[in-house]
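Here is a friendly walk through a two-chain model, meant to be read with the viewer open. Pull it up and follow along as we go.

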Amino acid sequence: MLKVTIDDIPVEVPEGTTILQAARMIGGDIVPPAMCYHSKLKTSGGYCRTCIVKVEQGSAKDPRPMPKPVASCRTTVMDGMVVRNITSPENLEARAGVVEFLLLNHPLDCPVCDQAGECHLQDLSYENGKAETRYDFDKREYEPTDIGDKIKLHMNRCILCYRCVKVADQLTDGRCHGVINRGEAAEISTYIEKAIDNDFSGNMIDVCPVGALTDKTFRFKSRVWYTNPVDAHRNCDKCCGKVRLWNQGEEVLRVTARKDEFGEVMDNEDGSTAWICNECRYDKKNLSDWTIEGPAKINRHSVISANHYDTLKNIQKTTIKMMGSKPHGVKSELGAGPLDPNNQ
Amino acid sequence: MLTNRSKQVVKREMTWLERAYFPAILSGMAITFKHIFMRKATVKYPEQTREFAPVYRGQHVLKRDEAGAERCTACGLCAVSCPAEAITMTAAERQKGEESLYREEKYASKYEINMLRCIFCGLCEEACPKEAIFLTDRIVPSTFERDSFIYGKDKLVEPKDQPVDVSKRQTPAVLAFKNDKKHKHNRTFLDKVLPKAKHH
C-alpha cells in the first residue's frame, strides 16, 4: 500500500492507482472533475486536462515537486506523494484556463440543449470557469450529419473527449464511427454516412459529457429537471436490464443507464458495468415493461439536488470549530481551503 | 393589568355647548364642504386611466425579434423560476422553412400562463435567457369563466403588426447586450441570410 496526501488528507491506496482514483476514494470536494476520463472505459482520459492537480512532492524518496500540473487521471501515485487540488489557488487558476479553452468553440445553446441540467461541462464551467469569454472570433460550426434514427449528433457541442469512440471499441463489435480529420477540423463522424445501429451503441449517449450525443426519442420532450428519475429493472437477455427511468407522470420519457456520483455508469453486483442495450433504452417506454425499485438518488450533477453549488464553500468551518476536530465518518470535511472566504 | 394599558372608563356629562347640537353639525359640514375643493381620490375609468409606474408588472408578452421570429426557445427556465407554477409549455423542433417563424432550433409549440395563479412577480422575465418574455403595463381583464384565464400563445405572443413596447423594462445594459451581434443568439434570421446573399 502506498501513502498519498491529497489536499492534506492522507489515504492509503494499492500500487498502480491513479491520483484521480485515490481522490475518489477520499471523496468530497477534493475530487478533480473529469471530462474525458471514464473509469469503466479502458485507455480513456488524458485528453481534456480538466483533472489537473499540483504535485508538491513527487514521492518520499524524491521529494522534488513536479514542474507543471499533471493530469490526475493518467498519473499513478507514488509512496509519500503530496498532491494539491482545491487547496492550491494556482491549480484552480490553471483549471479555469482549461475550462476557457473547452468553451472556446462550445455553443451557448444550453436553453435548446437536451443535456442542460445534467451536463458535465455546465457544472464544470459553473464551478471552475470564468463568467466571461475573451474569445472574439466566430465559433466553429459543422454541417449537421445524420448518424441514425436513435442518436442525434450535435458536432458543434462536442469537446472531443473520445469516450464514445471507446464505447464503440470496447462494447460493440465493429466500430463504424470515429474522429476524422485533425486539429481544428477534427470531428466525430461515420465518414461514409452510415447509421450506428449496434445493440449497445446507445451507451454512447450516457458517456457523452456534453450534449453532443443525445437520445432522439427524448429530443425536446421535456427538460431534465421536470422529469422524475426512478430506478427500475426488467429481464433482458442482452443486458443486465437495470436502468433509470425518467418519467413525467405515468409516461416514461427516457431510459438511461444508472450513473454514480461521478456521472459514470454504475457497476452491477457481480462487478461488471451496467451498460444497457438499445432495446431497453429505446423500445421499452411503458411503465408496465418495468419493475420499479424506487426513486433514484439524485446525483451531484443534477439541478434538482438542492444547495449543490454551496457545498464548496460552507461545509467544514462550523463543525471543526465546534467539535475541535474532524468528526468520524464525514469524508468531505476538509481544513479551511482557499475557497473559504474566512481563510486569509 | 399585565400590559398596563387598562383604562378607567368615565361616563362624563356633556357640556352645554356639546348638548347644543348645532356647533357639531356645522363643524361636520365644514369638513364635508372642504373636500369638494380637494383632489379626488378616484378617476373616471375607463374614460380616464391612471398613470402607470414605469416598472408596472401586468400581462405578459412573448416578444418577437427584429425579423419577426419568436424569441422563445422553450428552455423552461421561466417555468422553473415561477413561484406560483403558473407556466407550462411543450417544446417542438423547428422544421425546414420555418426559420423566419422561430429563431432557434427548438420552439414552444404550446405556452400557457394561468393568470389566476400568476402573482406578477416578474421572475420569469428575469430568468429568461432569450429576452423573450416580458411583463407589460396591460391589465389582465376580468371575466366570468375560469378557463379564459389560461392564456395560450394566441394571447401571449405579440402580433407581428403591433409590437408591444417593453423598452421601459430594459435597462441600458440589457439593451447593449441584446444588440451586440457578436453573440450568436442576437443574430436574427436576416443577419444569417443577408451576408450570404450579398456574395451572390
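What follows starts with chain A as a whole, then visits its strands and one helix, and ends with chain B and the contact between the chains.

Please keep in mind throughout that this is a predicted model.

## Chain A at a glance

Chain A has eight helices and 13 strands. Of its 344 residues, 39% are buried. If you take the contacts in chain A between residues at least 6 apart in sequence, 64% of them join residues at least 24 apart.

## The beginning of chain A

Let us begin with strand β1 of chain A, which spans residues 2-6. Its antiparallel partner is strand β2 of chain A, residues 9-13, and five bridges hold the pairing. To find the register in your viewer, look for A:Lys3, whose bridge partner in β2(A) is A:Glu12. The hairpin made by β1(A) and β2(A) has two residues between the strands, and in this hairpin A:Asp7 takes a positive phi near 50°.

Strand β1(A) also pairs with strand β5 of chain A (residues 81-84), this time in the parallel sense, through three bridges. Here A:Ile6 has A:Val83 in β5(A) as its bridge partner.

## A helix with a buried side

Helix α2 of chain A runs over residues 89-103. Its 15 residues reach 21 Å from the first C-alpha to the last, close to the 21 Å expected at 1.5 Å a residue.

Which residues of α2(A) are buried? They are A:Asn91, A:Leu92, A:Arg95, A:Val98, A:Val99 and A:Leu102. These residues lie on the same side of α2(A) because they cover an arc of only 110° around the axis. The cover over them includes β3 (52-57), β5 and α3 (120-128) of chain A. On the face turned away from the buried side, α2(A) carries the exposed residues A:Glu90 and A:Glu93.

## A four-stranded open sheet

Further along chain A, four strands form an open sheet with antiparallel pairing, in the order β12-β11-β10-β13. The edge strands of chain A are β12 (251-257) and β13 (291-295), each of which pairs on one side only. From one strand to the next, the twist averages 35°. As general background, strands of a sheet pair through backbone hydrogen bonds, either parallel or antiparallel.

The table lists the pairings in this sheet.

| Strand pair | Sense | Bridges | Bridge partners |
|---|---|---|---|
| β11(A) and β12(A) | antiparallel | six bridges | A:Leu245 and A:Val255 |
| β10(A) and β11(A) | antiparallel | six bridges | A:Asn228 and A:Asn247 |
| β10(A) and β13(A) | antiparallel | four bridges | A:Val230 and A:Pro295 |

A good residue to select in this sheet is A:Ala232, which lies in strand β10 (residues 228-233) of chain A. Is A:Ala232 buried or exposed? It has 24 C-beta neighbours inside 10 Å, so A:Ala232 counts as buried, the cut-off being 20 or more. Leaving aside neighbours within four places in sequence, A:Ala232 is in contact with A:Val243, A:Leu245, A:Trp290, A:Thr291, A:Ile292 and A:Glu293. One of these, A:Leu245, is the residue whose bridge partner in β12(A) is A:Val255.

For a sense of distance, try A:Ala232 and A:Cys51, which are 181 residues apart along the chain. Their C-alpha atoms are separated by 32 Å.

## Chain B and the contact

Chain B has an open sheet too, made of three strands in the order β2-β3-β5 with antiparallel pairing. Its edge strands are β2 (87-93) and β5 (150-151) of chain B, each pairing on one side only. Strand β3 of chain B, residues 106-114, pairs with β5(B) over two bridges in the antiparallel sense. In that region B:Asn114 stands opposite B:Ile150 of β5(B).

How many residues does each chain bring to the contact? Chain A gives nine residues and chain B gives 14 residues. On the side of chain A that touches chain B, seven residues are nonpolar, none are polar and two are charged.

Methods: Residues are numbered from 1 along each chain as its sequence is written. Chains are lettered from A and ligands numbered from 1 in the order in which they are written. This is a predicted model: local features need pLDDT of at least 70, side-chain atom pairs count only at pLDDT 80 or more; totals for chains, interfaces and linings use all residues. Two strands pair if DSSP finds at least two bridges between them. Two residues are in contact if their C-beta atoms, placed from the backbone, lie within 7 Å. Ala, Val, Leu, Ile, Met, Phe, Trp, Tyr, Cys and Pro count as nonpolar, Asp, Glu, Lys and Arg as charged, and the others, Gly among them, as polar. Axes are lines fitted to C-alpha atoms, for helices over the stretch in contact, and angles run from 0 to 180 degrees between N-to-C directions. The expected span of a helix is 1.5 Å times one less than its number of residues. A residue is buried if 20 or more other C-beta atoms lie within 10 Å of its own, exposed if 12 or fewer, and partly exposed in between; C-beta atoms are placed from the backbone. The arc is that of the directions from the helix axis to the C-beta atoms.
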